[in-house]
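Trainee: I have a model open and want to go through its ligand site. Can we take it step by step?

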Amino acid sequence: MMKIGVLVSGGGTNLQAIIDNIEAGTITNASIACVISNNPGVFALERAVKHGIPGECMSPADYPDRPAYHQALIQRLKDYGVELVVLAGFLVNISPEMVAAFPNRIINIHPSLIPSFCGKGFYGLKVHEAALARGVKITGATVHFVDEGTDSGPIIMQKAVEIPEGISAKDLQLKVMQEAEWIILPAAIQKICSSNQ
Ligand code: GRF
């Protein structure tokens, strides 16, 4: 049973998808050891508490500088015995030290078909606004390993989503979550945790 640590920043709908799949038995070889948010009071932490999962806020504002924050985050994840780090809507850049501490064991969900609409500045609603501005007919989501770049690590899984004529960026974000993110993130965790037995 692999211990996963989920890093969040906001609503936690991707976290909820992981929780639901573990409770439904479609993720068979993983348990959530902790949920850590960089923002206080986010709904993702309420989701953790509701399911009896240790949840806490570690805010960069509480540390003298970014290196100190990242060192504390790495140590906290190690304290929980985390073997796979899952970035589920986590908006803090991952440090090279963190990548080195969890080699090939940090994954991220990005709301586009990488290499489109990814990299610096492409997060949350901005991704969907860029896809609509470009006029693409298909978008989707990608789960990838995290390396020292931004959205640049090896791709694990992708799922395409059709873009209806005239859809708003907000509605497209929800469609991509429902039809892609909430499906491939749990599936990628199951794939990694099953092959790691
Ligand atoms: C989602 O758009 C996800 O693709 C991105 O962060 C946003 C919020 O996710 N990574 P969540 O609802 O907090 O899981």
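Trainee: Which residues are around the ligand?

Mentor: Keep in mind that this is a predicted model. A residue counts if one of its heavy atoms lies within 4 Å of the ligand. The residues that qualify are Gly11, Gly12, Thr13, Asn14, Ala88, Gly89, Ile109, Pro111, Gln173, Met177 and Glu181.

Trainee: How does that shell divide into nonpolar, polar and charged residues?

Mentor: Gly counts as polar here, and Gly11, Gly12 and Gly89 are among the residues around the ligand. The shell divides into 4 nonpolar, 6 polar and 1 charged.

Trainee: Which helix gives the largest share of the shell?

Mentor: Two helices each supply at least two residues: H1, spanning 13-24, and H6, spanning 169-195. The largest share is 3 residues, and the helix that gives it is H6.

Trainee: How far is the polar side-chain atom of Thr13 from an oxygen atom of the ligand?

Mentor: Start with the backbone. A polar backbone atom of Gly12 is 2.9 Å from a ligand oxygen. For a polar backbone atom of Asn14, the distance to a ligand oxygen is 2.8 Å. The polar side-chain atom of Thr13 lies from a ligand oxygen at 2.6 Å.

Trainee: What percentage of the ligand's exposed area does the protein bury?

Mentor: Take the ligand alone as the reference. In that state it exposes 370 Å². The share buried by the protein is 88%.

Trainee: What is the volume of the largest pocket?

Mentor: This pocket is the space taken by the ligand. Its lining has 38 residues, with Gly89, Phe90, Leu91, Asn108 and Tyr123 nearest the centre. Elements giving two or more residues to that lining are H1, strand S5 (106-110), helix H5 (125-134) and H6. The volume is about 870 Å³.

Trainee: How many residues of the pocket lining are charged?

Mentor: Split the lining by class. It has 13 nonpolar and 19 polar residues. The charged ones number 6.

Trainee: Which residues does the cis peptide bond join?

Mentor: Most peptide bonds are trans. Here omega is about 20 degrees. Pro115 is in the loop between S5 and H5. The cis bond joins Ile114 and Pro115.

Trainee: What is phi of Phe117?

Mentor: Phe117 is also placed in the loop between S5 and H5. Most residues other than glycine have a negative phi. Phe117 has a positive value, near 50 degrees.

Methods: Residues numbered from 1 in each chain as written. Predicted model: local features only at pLDDT ≥ 70, side-chain atom pairs only at ≥ 80, totals over all residues. Heavy atoms only, no water. Polar contact = N/O pair within 3.5 Å; in protein donor to acceptor, adjacent residues only side chain to side chain. Areas by Shrake-Rupley, 256 points an atom, 1.4 Å probe, with all protein chains shown as cover. 1 Å grid on protein atoms, 1.4 Å probe; cavity = no way out; pocket = protein on both sides within 12 Å on 5 of 7 lines; lining within 4 Å. Sits in = over half its atoms within 2 Å of the grid points. Helix = DSSP H or I, 4+ residues; strand = E, 2+ residues; numbered from the N terminus. Points joined across faces, edges and corners; volume = space filled by probe spheres on them.
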